[in-house]
Structure formats: C-alpha cells, structure tokens
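Please read the following explanation alongside the sequence and the coordinates, moving from the overall fold to individual side-chain contacts.

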Amino acid sequence: MSVLESLAVFAAGIGAGTINTIVGSGTLITFPVLLATGLPPVTANVSNTLGLVPGSISGAIGYRRELQGQRARIMRLGAVSLVGGLAGAVLLLNLPSDSFDTIVPVLIGLALVLVVLQPRLAAALRRRQQAVGGEPGRADGGAALLAGMLLSSAYGGYFGAAQGVLYVGLMGLLLHEDLQRINAVKNVLAALVNGIAAVFFLFVAEFDWTAVLLIAVGSAIGGQIGAKVGRRLPPTALRALIVAVGIVAIVQLLLR
C-alpha cells in the first residue's frame, strides 16, 4: 500500500467512525477505498470489520451519558446481537454474496420507512395499547424487537452497511424512548456485532493488517467526533440525516 493509499484509508476510517457513531453506514466509505487499493472484496470486508471495532467502542464511550439506566436493555439486546453477528460472519465465508446482497437494499429501504414514520407509528401503537388496557409502550420492545435485532445483527456480521439505520428504525418503532438514547444503544450493539465478527475472522479469514490498523486508528478518532456532533442534533435533524445516509447506501449498493 502506497503512502497516498494509506492516507486515503486513514481518512476513510475517520469518516466511517464519525458517521457510524451518528447514524451508521460508515462501511460505505471504507469498503470502496479498500477495494481501490487492490484488496479482494472479501479480504477488504474482513479488514474493514476488524478496523471498525475501535471506532464502535469509541462512539459508545462518547455516548456514555445517554447509556445511563439502559443496562438491562443492552444486556438483552446485546446477547441477541452477538448471536446474529456471529451467524452473519459465518455466512460471509460460506455463502455466495449475490443472494444476500439482493435483499440488502430492501432491508435498508424498510428501515428508512420506519425511521420516517417512527413518531406516528409509535404514537399509534401506544394509543392502541392504551385503548385495550395495556401499557403505553414496552420497555423491552417484545419478541418483535428481538427477532428484528437478530436479523439486523446477522446482516451486520455479514456486511454491515446501514446496520445502524436498521437498528434505529426498529428500536425507534418498538421502544418508547428518546432518539438520542436509542442512538447510544445502537453504538454499543454495533460494537458487539463488529467485535464478535472480528474475533471469528481473526482465526479463519484473510485480512490486511495495514488496512486494519489504519482504519482502527482513524475510526477511533471519528467515533469521538461523531459523539460530539450527533449529541447536538435535534431528533428531526438526526432523523433526516439517517434518511439521507440510508438513501445513499441504497444507491451505492444497487450500483455496486
């Protein structure tokens, strides 16, 4: 890897760490850059997953204030995310990408619909629960959230672009919670999924250590930047940014 290529990968790592902390989809920055350096797609994907782990941890630390009081939720959703992330990593090394990649734009599109309609859908769900005498919103999101997070985490372990959009869409709909606190949980779950996939890849996959280290340092810096920027965004602005990034993700995946 040349000096210019190394600088490009490092800069992509900073960008990915920043956008992953705020929204997700940082992979859409780093993955094309790694491909441009000449790495094979699977090697680039594995190297990217390993490198983004420090960025996910950095972003979660940056959002630690919003994580207060969510320990039980993180433990429950984290366990599901670990299982899904490991399953996705296994799929990456054992299945052809064509069949799985076909449904990825659909998943992201569905997540964007959830993000846009989340306030109305959540309010309607709470009104319905109150009408039948139920609680005005479940703290754990129920079985629907667990199932959705399992599938989203499997996708995250496989590729990961717009994984954060899926997480925010699901939790925003099924949890009666502030969007910034949901974003904080998203960062922790992304760190868990990237981490379990990275541990698996260390033993069974090929990767480029130079690329991993450059992205790791860059994404750790970006994680702190993203936490400072993302915390200042009001819910409407954060939701608009999520939608914009998700649309770009869909376009890039369809053209890839």
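The paragraphs below take up the model and its confidence, then the helices, the salt bridges, the aromatic rings and the surface.

This is a predicted model, in which local features need pLDDT of at least 70 and side-chain atom pairs count only at pLDDT 80 or more, while totals for chains, interfaces and linings use all residues. Residues are numbered from 1 along each chain as its sequence is written, and side-chain values use heavy atoms, with hydrogens and water left out. The predictor's confidence in each residue is expressed as pLDDT, on a scale from 0 to 100; its mean over the chain is 84, and 87% of the residues reach 70 or more. Confidence is lowest in helix α5 (residues 97–131), where the mean is 68, and highest in α9, where it is 93. Where pLDDT is low, the predicted coordinates should not be read in detail.

The secondary structure of the chain comes to 10 helices and 0 strands, these elements being DSSP runs numbered from the N terminus (H or I over at least four residues for helices, E over at least two for strands). Of the 256 residues in the chain, 51% are buried, where buried means under 20% relative accessible area, exposed means over 50%, and partly exposed lies in between, with a 1.4 Å probe and protein chains only. Helix α8 offers two examples of buried positions. Val193 lies in this helix, α8, and is buried, with a relative accessible area of 0%; its C-alpha is 6.4 Å from that of Ser153, although Val193 and Ser153 are 40 residues apart in sequence. Ile182 is also placed in helix α8 and is buried at a relative accessible area of 1%, and the C-alpha atoms of Ile182 and Leu67 are 8.7 Å apart across a sequence separation of 115 residues.

Side chains of opposite charge can pair when their charged atoms come close. The structure holds 4 salt bridges, a salt bridge being a side-chain nitrogen of Lys or Arg within 4 Å of a carboxyl oxygen of Asp or Glu. Arg65, Glu66 and Arg231 are linked in a network of such bridges. Within this network, Arg65 pairs with Glu66, the closest N and O atoms being 3.7 Å apart, and Glu66 also meets Arg231, at 2.8 Å from N to O. Because Glu66 lies in the loop between α3 (41–62) and α4 (71–94) whereas Arg231 is in helix α9, the pair ties together parts that are 165 residues apart in sequence. The three residues have these accessibilities: Arg65 counts as exposed at 51%, Glu66 counts as buried at 10%, and Arg231 is partly exposed at 23%. Arg231 has a further contact, in that its charged end sits over the ring of Tyr63, 5.3 Å from the ring centre; the criterion is that NZ of Lys or CZ of Arg is within 6 Å of the ring centre and within 35 degrees of the ring normal.

Another salt bridge joins the side chains of Arg73 and Glu177, at 2.9 Å from N to O. Arg73 lies in helix α4 and Glu177 in the loop between α7 (163–174) and α8, so this pair ties together parts that are 104 residues apart in sequence. Arg73 counts as buried, with a relative accessibility of 11%, while Glu177 is partly exposed at 22%.

How many aromatic pairs are there? The count comes to 2, given that rings of Phe, Tyr and Trp (its six-membered ring) pair if their centres lie within 6.5 Å, with planes under 30 degrees apart counting as stacked, over 60 as edge-to-face and the rest as tilted. Phe200 and Phe201 form a tilted pair, 6.0 Å centre to centre with 55° between the planes. Phe207 and Trp209 form an edge-to-face pair, 5.0 Å centre to centre with 85° between the planes. In the tilted pair, Phe200 is partly exposed, with a relative accessible area of 22%, whereas Phe201 counts as buried at 0%.

Trp209 also belongs to a nonpolar surface patch of about 790 Å², made by Val42, Leu93, Val199, Leu202, Phe203, Val204, Trp209 and Leu213. The elements that give two or more residues to this patch are α8 (179–204) and α9 (209–232), and α8 gives the most, with 4 residues. Patches are made of residues with over 30% relative accessible area and no salt bridge, like charges being joined within 9 Å and nonpolar side chains (Val, Leu, Ile, Met, Phe, Trp, Tyr) within 5 Å; the accessible areas come from the Shrake-Rupley method with a 1.4 Å probe, and for residues only the protein chains shown count as cover.
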